Each structure stands twice: as structure tokens, then as C-alpha cells.
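Me: I should like to understand how the descriptive terms applied to this structure are justified. Please set each term against its criterion.

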Amino acid sequence: MKKLFTTLSNIWKIEDLRVRITNTLLFLLIYRVGSFIRLPGVSDAVASNKKAEGLVGLLNMFAGGSFSRVSIFALGVMPYISASIVMQLLGIAVPYFAKMQKEGESGRNKINQWTRYLTIIITALQAAAYLRSQVTADEMLIANPLFTIMNTFVLTSGTLFVMWLGEKITDKGIGNGISLIIMVGIIAQLPGAFIAEFQNRTTGSGGLITFIVELVALLGVVMFTILIVQGTRKIAVQYAKRIVGNKQYGGVRQYIPLKVNAAGVMPIIFAQALMFIPATVASFFPTAASNSILIALTNYNSWLHNILFALLIIVFTYFYTAITVNPKQMSDDMKKNGGFIPGIKPGDPTTSFIDDVISKITLPGSIFLAIIAIIPALANLVGVNTLFARFFGGTSLIILVGVVLDTLQQIESHLLMRHYDGLMKTGRITGRTSIPAAAGTTPTAI
């Protein structure tokens with residue numbers, strides 16, 4: 001405990017770190033205050049009684065409750081993430097964007113600008129769908145079409161402002177801004193979910209023992225998630241000896257750490273984005289909403305939804321790992337620096353060996369990621385409160401674990417750089433590899 005207080009004191013002594021942490025807290029406070037500002041022209045009483053269930057509840061969690069409160073930040077940063085995903089796909093499929101990725105800083109700036117333009121388009125479409133599905137005529141204090149036009153502009157501006165806050169946190173604060181905004185939105189739902197589950201167990205079925213068992217299970221899932229996020233497969237690399245003058249260089253053995261889950265949370269976000277399509281179709285075409293398959297796909301707890309969700313996660317894990325981890329580049333860099341894997345010839349054999357290892361460790365990583373993603377639905381089926389069940393896994397838990405580890409790693413780097421002890425007694429915190437928000441853009445550790 002004494003070492004903890006000493007470490008916290010050291011953090012506050014470093015002026016740059018103190019300013020960055022203060023800036024981060026202030027920017028996050030602005031975001032939380034804005035999430036309680038209601039859209040103009042919406043009935044106050046009705047807006048406070050909105051229910052968020054199923055996929056809508058998941059969106060509401062990412063938006064920090066703004067979705068159900070019909071706030072100006074109701075759409076959060078999800079349109080920006082969707083635009084980033086589209087830009088990544090375009091970087092693979094379209095030669096023009098693939099060339100842009102290789103143009104260095106100027107190319108990244110162009111892709112960032114394209115991502116912002118695409119964010120505006122996606123936000124406008126989602127804003128129209130949101131107003132159509134979540135705000136009824138009785139809740140409008142302003143007649144249509146003025147209400148829809150005005151609030152489409154407000155929701156789009158809100159998302160762009162949140163995106164700007166995220167960029168400012170990344171530049172002036174600590175950690176990745178977009179990731180922290182999502183994390184704060186998720187954490188904001190935790191106290192209410194915890195209290196609701198406690199009341200449900202103590203006054204209803206199960207009792208206090210069941211609630212304690214749920215907490216132990218939650219702790220186990222968190223530990224399992226950390227294991228997946230931090231798990232690595234080390235490949236030994238031997239460097240040849242070089243004698244320059246009277247000094248010897250090289251001749252040491254190092255390791256290439258290949259992550260079991262190199263794709264991070266992105267496969268879940270990819271899969272989740274596709275799973276939102278049926279709900280969007282149902283909002284625009286009311287007659288299609290009665291289709292049994294569409295109903296099953298939009299039902300957060302249905303077997304069809306979860307099986308398809310798990311399969312998409314496995315596919316996207318392989319896909320995203322393939323576009324972010326380049327065995328050929330690893331092999332070439334190793335060869336240039338005089339390194340080789342013992343027993344493997346440099347060049348193409350090394351590339352094939354690394355690619356084979358990545359393929360083998362990605363399979364269990366993708367399966368475990370899919371299991372974590374569907375645990376909330378399983379918890380809900382055994383009687384856990386819907387809101388509390390979302391913290392048992394899925395995107396929310398992986399984001400929380402990943403962002404916390406990444407932020408702690410940055411804080412520890414500042415401490416070690418100034419010759420202070422880190423946050424751990426032994427070893428160092430190893431954060432997740434940052435995942436680009438868009439191909440060629442600033443990395444986003446989501």
C-alpha cells in the first residue's frame with residue numbers, strides 16, 4: 001500500500017504527466033456533461049423513460065447512456081469507427097487508397113480527411129434512422145420535417161464534436177482518446193447495473209450467495225480476458241556476431257512476441273457492425289420487421305444471432321490479423337539486421353515459418369474471442385440482469401481491459417523515463433498493440 005501511494009505521488013510530481021492526466025479528465029468531463037443534454041424538441045418526460053434492450057442496449061452502453069436519453073451525443077463515436085472500418089477495407093480492395101497508405105505522412109493526412117468526410121455521411125444516415133426509430137410523433141415538440149432536419153444536424157455535429165474530443169485527448173492527454181471515450185461510456189453504466197443486479201438477487205430469486213457467485217464468475221472472465229489480450233507466442237531470433245574494432249556486436253538471442261489476439265477488439269467491432277444491419281433495415285422498412293429470421297437476428301439472446309456473431313468474429317479475426325501482421329516484412333527486417341530463426345533459413349522459409357505460427361495461434365485466439373463475445377448472452381439466459389450481463393464479456397469487457405492496460409503502460413513509460421519505479425513491483429505492464437482506426441491513420445487501441 002505504501003508503494004502505491006509513493007507511485008501516485010511520483011505521477012503527480014511529473015509536470016508533463018500531471019498536465020496530461022488533468023487534460024484527459026477535463027475532456028472526459030465535457031463528454032459526460034454533453035451526454036445529458038437532450039435533443040431540442042423532444043419531450044422531457046418521454047426521453048427519460050426510454051428503454052434500451054438488445055442491440056439498442058449495446059449501442060446505449062457504447063454511448064454512455066446517451067442513446068436512451070435522446071442526447072446530442074446519442075450516436076457517440078460509433079459512426080467514426082464505422083467510417084474507419086470502411087477506409088481499412090478500401091485500403092485493401094481499392095488501389096487508389098492502397099497507394100495512399102504508402103505515401104507516408106501526407107497519405108495518412110488524406111486518409112484521415114476521407115475518414116472524416118465519410119463519418120459525416122454515415123452519421124447523417126444513422127441520425128435519420130435513429131430519429132425515425134427512437135422518437136415517435138407524440139414525443140416531438142416540433143413538427144416534422146423541421147424536427148428531423150434540425151436534429152440530424154445536431155446529432156451529426158455531436159458525433160463530430162466527440163470525435164474532436166477524442167483527438168484532443170490523444171494529443172494533449174494520456175492514452176487513446178476514442179478508446180477512453182468508449183471506456184468511460186461503458187464504465188458509466190456499471191454502477192447502475194451492479195445495483196440493479198444486487199437488488200434483483202436480494203429481493204427476488206437467488207439470494208446473496210448467487211450474487212457473490214456471479215461476482216466470482218465475473219472476476220474469472222476478466223482474468224480470462226486479460227490472458228487472451230496479453231497472451232503471446234515468442235519466436236527466438238539469433239543475431240550474428242559482428243566485430244567492429246575491439247568491440248563485439250550481436251551474438252545475442254532475442255524474441256519476436258506474436259500476440260494470440262493480434263487483432264484486438266476489432267473483429268468484434270467488425271462483426272457487430274454487420275449485426276446492426278438487420279436492425280437498420282427493420283427501422284427503414286417496417287413491413288420487413290415481421291420477418292422471423294430478421295427478428296432472430298435482431299434478438300441479442302437468440303441462438304441464430306450468437307452463432308452467426310461467433311462465426312463472423314472468427315472470420316474477421318483471421319482477416320484483420322492478415323492485414324495488420326506482415327510476416328514478409330518481419331522476415332526482411334530480420335535479414336537486414338543480421339538475424340535469423342535457429343533452424344530456419346533466412347528469406348522465404350522464415351516468412352513461411354512466421355506465417356504458419358501466426359495461423360496456428362490465431363485459431364485458438366479467434367475461438368476464445370468468440371466465446372468471450374457471446375458470454376453476455378449466455379449469462380442473460382441463466383438469469384443475470386441484461387445490463388449487468390454485458391459486463392461478463394463481449395466488446396465492452398475487452399475494451400475495458402485493453403484500454404486500461406494501454407493507458408497504464410503509457411503512465412508507466414513516463415515514470416520509467418524519469419527514473420521512477422513503475423506501477424508493478426516486478427516486470428512491466430505490457431499494453432496491447434494499438435490497432436489503427438483507419439488504414440494509415442493514427443493507431444487506435446480499442
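The exchange below takes up burial, strand pairing and surface character in turn.

Me: What kind of model is this, and how many helices and strands are there in the protein chain?

Reply: The model is predicted. The protein chain contains 18 helices and seven strands. Of its 446 residues, 46% are buried. Among contacts between residues at least 6 apart in sequence, 71% join residues at least 24 apart.

Me: Why is serine 66 called buried?

Reply: The term requires a relative accessible area under 20%. Serine 66 has a value of 0%, and therefore counts as buried. Serine 66 lies in the loop between α4 (54–62) and α5 (78–93). Leaving aside residues up to four places away in sequence, serine 66 touches Ser35, Asn60, Ser71, Phe73, Ala74 and Tyr130.

Me: How do you know whether threonine 119 is buried or exposed?

Reply: The relative accessible area of threonine 119 is 0%, and the limit for a buried residue is under 20%; threonine 119 is therefore buried. Threonine 119 belongs to helix α7 (residues 104–134). Its contacts, not counting residues up to four places away in sequence, are Pro79, Tyr80, Ala83, Thr159, Leu160 and Met163.

Me: What does the side chain of threonine 119 reach, and what makes this a polar contact?

Reply: The side chain of threonine 119 reaches the backbone oxygen of threonine 115 at 2.7 Å. A polar contact requires a pair of N or O atoms within 3.5 Å, one able to donate a hydrogen and the other to accept it. The distance of 2.7 Å falls within that cut-off, so the pair qualifies.

Me: Why is helix α11 described as largely enclosed by the rest of the structure?

Reply: Helix α11 (residues 266–275) has 10 residues, and eight of them are buried, so the description applies. The buried residues are Met266, Pro267, Ile268, Ile269, Phe270, Ala271, Gln272 and Met275.

Me: How do you know that β1 pairs with β4 and with β5?

Reply: Pairing requires at least two bridges between the strands. Strand β1 (residues 232–239) and strand β4 (residues 253–259) share seven bridges in the antiparallel sense; one joins lysine 234 to proline 257 in β4. Strand β1 and strand β5 (residues 339–340) share two, also antiparallel, so this pair meets the criterion of at least two. In β5, glycine 339 is the bridge partner of tyrosine 239, and phenylalanine 340 stands opposite glutamine 238.

Me: What makes β4 and β5 the edges of the sheet?

Reply: The three strands form an open, antiparallel sheet in the order β4-β1-β5. Strands β4 and β5 each have a single partner strand, so one side of each is left without a neighbour in the sheet.

Me: Why does isoleucine 212 count as partly exposed, and what allows a place in a nonpolar patch?

Reply: Partly exposed covers the range between the buried limit, under 20%, and the exposed limit, over 50%. At 43% relative accessibility, isoleucine 212 falls in that range and is therefore partly exposed. Patch residues must have over 30% relative accessible area, so the 43% of isoleucine 212 satisfies that requirement. The patch consists of Phe198, Leu208, Ile209, Ile212, Val213 and Val216, with about 560 Å² of accessible area together. Helix α10 (residues 207–230) supplies the largest share, five residues, and isoleucine 212 is located in that helix.

Notes: Residues are numbered from 1 along each chain as its sequence is written. This is a predicted model: local features need pLDDT of at least 70, side-chain atom pairs count only at pLDDT 80 or more; totals for chains, interfaces and linings use all residues. Side-chain values use heavy atoms; hydrogens and water are left out. Helices (H or I, at least four residues) and strands (E, at least two) are DSSP runs, numbered from the N terminus. Buried means under 20% relative accessible area, exposed over 50%, partly exposed in between (1.4 Å probe, protein chains only). Contact means heavy atoms within 4.5 Å. Patches are made of residues with over 30% relative accessible area and no salt bridge: like charges are joined within 9 Å, nonpolar side chains (Val, Leu, Ile, Met, Phe, Trp, Tyr) within 5 Å. Accessible areas come from the Shrake-Rupley method with a 1.4 Å probe; for residues, only the protein chains shown count as cover. A salt bridge is a side-chain nitrogen of Lys or Arg within 4 Å of a carboxyl oxygen of Asp or Glu.
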